[in-house]
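User: Got a model here that I'd like to talk through. Can you walk me through its packing and backbone details?

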Amino acid sequence: MTLISTVVSLKLCFLFVRLENKVVVKLESQEVCKRDSFKYLGSVIQGNGEIDEDVSHRIGAGWMKWKLASGVLCDKKVPPKLKGKFYSAVVRPAMLYGAECWPVKNSHIQKMKVAEMRMLRWMCGLTRGDRVRNEIIREKVGVTPVEYKMREGSILGVEVELPRKSYSTKIVTLDDETETEKVDGGTNISVTIRWSQKLLYCNGQLTLDVPFSFPDFVTPAGKKISKKEKIQLNVNSGPGTEVLCKTTSHPLKERQRQPGKLGFFYESEVLNWSSGNFIFLYTVSSSHIYGSVLFQSSPPLDQREMFCCSLFPGDQQCRKVFRKEVIFVVDLSGSMKGKPIEATKQALCMALSKFDSQDLFNIIAFNSEKNLFSSSLELATKNTIENATQWIGTNFIAGGGTNILDPLTQAMEMFSCTQQHIPIVFLITDGAVEDERHIYDVLKSHLMQNQMISPRLYTFGIGLFCNHYFLRMLAVASRGHYNAAYDVDSIEIRMEQLFSRASSIILANIAFENLDGLEEFEVFPTPVPDLSSEGPLVMSGRYRGVFPESLKAKGVLADLSNFSLDLKAIQAKDMPLDKVLARQQVELLTAQAWLTETKDLEQKIAQISIQNGVISEYTRMILIETDRGKVVTESTSKRKVSTAPKKIEETKLQKRILLQNHGPGFGNCSATVENIPPGATETKPETAEILAKAASNCCGKMCDICCCMCCARICSRMNDQCAIVLTQFLGSLACLGCFACCELCCSGNDG
């Protein structure tokens, strides 16, 4: 397994300025007008806290760099890959300067994507009229999407030290009581950030890209403060392999070199922070499937030992992949209108174009009803793919409800019994349904049938209204994979990534031997998914007993021959396996907890989450403010003369501030029924609208009791005083009906 243990240490000082609302600034006798935004050391700072102007400014700065380098970027004699590297080193850093501090929105990412694609198209001598897809252009120049750079990695924790106060984040359970307080600034602070970063795998190369650049305004203007940058990097790829360093952004010093291991170190005293991220690109030389096993003692929470096993596809480009029988099951409910359905159509057509002529496929579109492209599986010939593309453009019209069970069941029954193909179902949906556990049980019974290669489910969730843990359980139970796009702008890219993984399976039915002597054995995920040439396969687990010296991995290759590989077990001494693998375990256990509705499992997830600093559905993050005040105390004993100094004790007062939880949740069935599109926010009704509805409900109930003739007779004999009394009575009833709405009307900032 290739693991990177990275420690980035910084000492960061900057001035935290408190702004006053009513301040008049005069230059001599001339009053200086207040501005909503201003430029400071290359960044645009807005008074409302937004970053729209800064994003536009950075795009303009990127264009300036692009124009200065256009002699190289637009030269037809320069190879496209070299242009891409030049672009990544010159233009993109100018566009993303200070992006680590941005509260990024989808609109900001979309602006960056549009600007970058215009640059890349001009570099290739293309325009939008040439109708060349963005993914093809990116692959041609070797540039990853800009949204990956703006939204990669996650913060595990933050610690802030002040002279008299300190702030730190902490994971707590959902039932932990908190109180909300405001955080004040006002002095120089020291910040320590714990960061979790995912390795990028592409064409046999692994890339680590950690945010390591800081805007100039973190240092007060006019002051030269010495700062220390420190990086420790350990790479462990397992025995029998050789790690080859390709590119590094900082001058690393090699401090360790062993077979399958590399250690680097960087430390420097600087006056200005690094202007670029820390990037480390490397390859692991192996022409065949390889892997390794790491094990180590577990932390106090779980007395069992921990292990981690990985398989890599190797760099053999001519490796044979499985033939496929693919059925796309696509949600066309009303909530898919607009960009979700258009992005799905684009990704689906791209997947069809990559099929081999011997592959079989079909398409089932569903909402409240089903619509099939064909009654049986079709060969992926050129003519059939063209017909399928036209059928998608004609029939993919969003509307209706969501019924997942019937199309999934029909897809599972449509597969042939041949062993020459691997059956795959792609489920694409943006909604949640009430019978999800029943759907899981039905599909589980289909998977239990005696087949050499059982059907695989590749599930894809769109937005936050679908139950992502239900989709994950379907994928895990069938040895498939799961992916999601929480925002509509990333649907096409992530969906194509999932299609590519399913289209490049090289090893199936993976199992491990030599594990009979272990007790309380637990593996994540179970069963083991298939290995694809698009990326590595990582498994983790816990056990009790003596771990064997080697494991034997077995599977079936695409030519249906048996495969076996001996994996040597190594004790990981300088690598925090529990923290590296915590997120994977939390996500898989959360899916199991949703399925089984087990409280003990929920408590176990909360404990793992708290111990490793990974937020889960059963925990949340809080900010702890510690006020270190000093209290002077004197001794109570009587003395005539005392020269001893007074004793100073330090007291600690803590305040806890609740932070927002960004977990995907377990779906929203009511939003699915109402066909609310992904990304839509629930709007708060106006107060007048609530009062009107409550009053109409009360009066409506009263009118239901009395008939129209009774009301006509009563009103005809009513004098003015009685009419006034009746009006006041009906008004009081309306107020009683509105009483339940008062909390909603009067809550929030709008009051």
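Below is a short run of questions and answers on helix packing, cores and backbone geometry.

Analyst: Quick ground rules: this is a predicted model, where local features need pLDDT of at least 70, side-chain atom pairs count only at pLDDT 80 or more, and totals for chains, interfaces and linings use all residues. Residues are numbered from 1 along each chain as its sequence is written, and side-chain values use heavy atoms, with hydrogens and water left out.

User: How are α11 and α14 oriented to each other?

Analyst: Helices here are DSSP runs (H or I, at least four residues), strands are E runs of at least two, and both are numbered from the N terminus. Axes are lines fitted to C-alpha atoms, for helices over the stretch in contact, with angles from 0 to 180 degrees between N-to-C directions. Helix α11 (residues 468–477) meets helix α14 (residues 582–596) at an angle of about 100°, the axes being 9 Å apart. Since 65 to 115 degrees counts as roughly perpendicular (under 35 is roughly parallel, over 145 roughly antiparallel, the rest oblique), the pair is roughly perpendicular.

User: How many nonpolar residues are in the contact of α11 with α14?

Analyst: Contact means heavy atoms within 4.5 Å; α11 brings Tyr469, Phe470, Arg472, Met473 and Val476, while α14 brings residues including Leu588, Ala591, Trp594 and Leu595. For the classes, Ala, Val, Leu, Ile, Met, Phe, Trp, Tyr, Cys and Pro are nonpolar, Asp, Glu, Lys and Arg are charged, and the others, Gly among them, are polar. The split is 2 charged, 2 polar and, for the class you asked about, 8 nonpolar.

User: And for α3 with α5, how many charged residues are there?

Analyst: The axes of α3 (residues 80–95) and α5 (residues 134–141) come within 6 Å and cross at roughly 95°, which makes these two roughly perpendicular. Pro80, Lys81, Gly84 and Arg92 of α3 touch Arg138, Glu139, Lys140 and Val141 of α5. By class that contact has 2 nonpolar, 1 polar and, as the charged count, 5.

User: Which element gives the most to the largest nonpolar core?

Analyst: A nonpolar core is a set of buried Ala, Val, Leu, Ile, Met, Phe, Trp, Tyr and Cys residues joined through side-chain atoms within 4.5 Å, where buried is under 20% relative accessible area, exposed over 50% and partly exposed in between (1.4 Å probe, protein chains only). The largest one has 42 residues, and Phe328, Leu352 and Phe499 are among those touching the most other members. Elements supplying at least two residues each include β18 (323–331), α8 (382–395) and α12 (491–502). With 6 residues, the top contributor is α7.

User: Which peptide bond into Pro525 is cis, and what is its omega?

Analyst: Pro525 sits in the loop between β26 (519–524) and β27 (531–532), and Pro527 is in the loop between β26 and β27 too. The bond from Thr526 to Pro527 is cis, with omega near -5°. For Pro525, the cis bond is the one from Phe524, with omega near -5°.

User: Is Glu597 buried or exposed?

Analyst: Glu597 lies in the loop between α14 and α15 (599–612) and has a positive phi of about 55° although it is not a glycine. Its relative accessible area is 56%, so Glu597 is exposed.

User: What is the relative accessible area of Asn675?

Analyst: Asn675 is in the loop between α16 (669–673) and α17 (687–705), and its phi is near 55°, positive in a residue other than glycine. Asn675 counts as partly exposed, with a relative accessible area of 23%.
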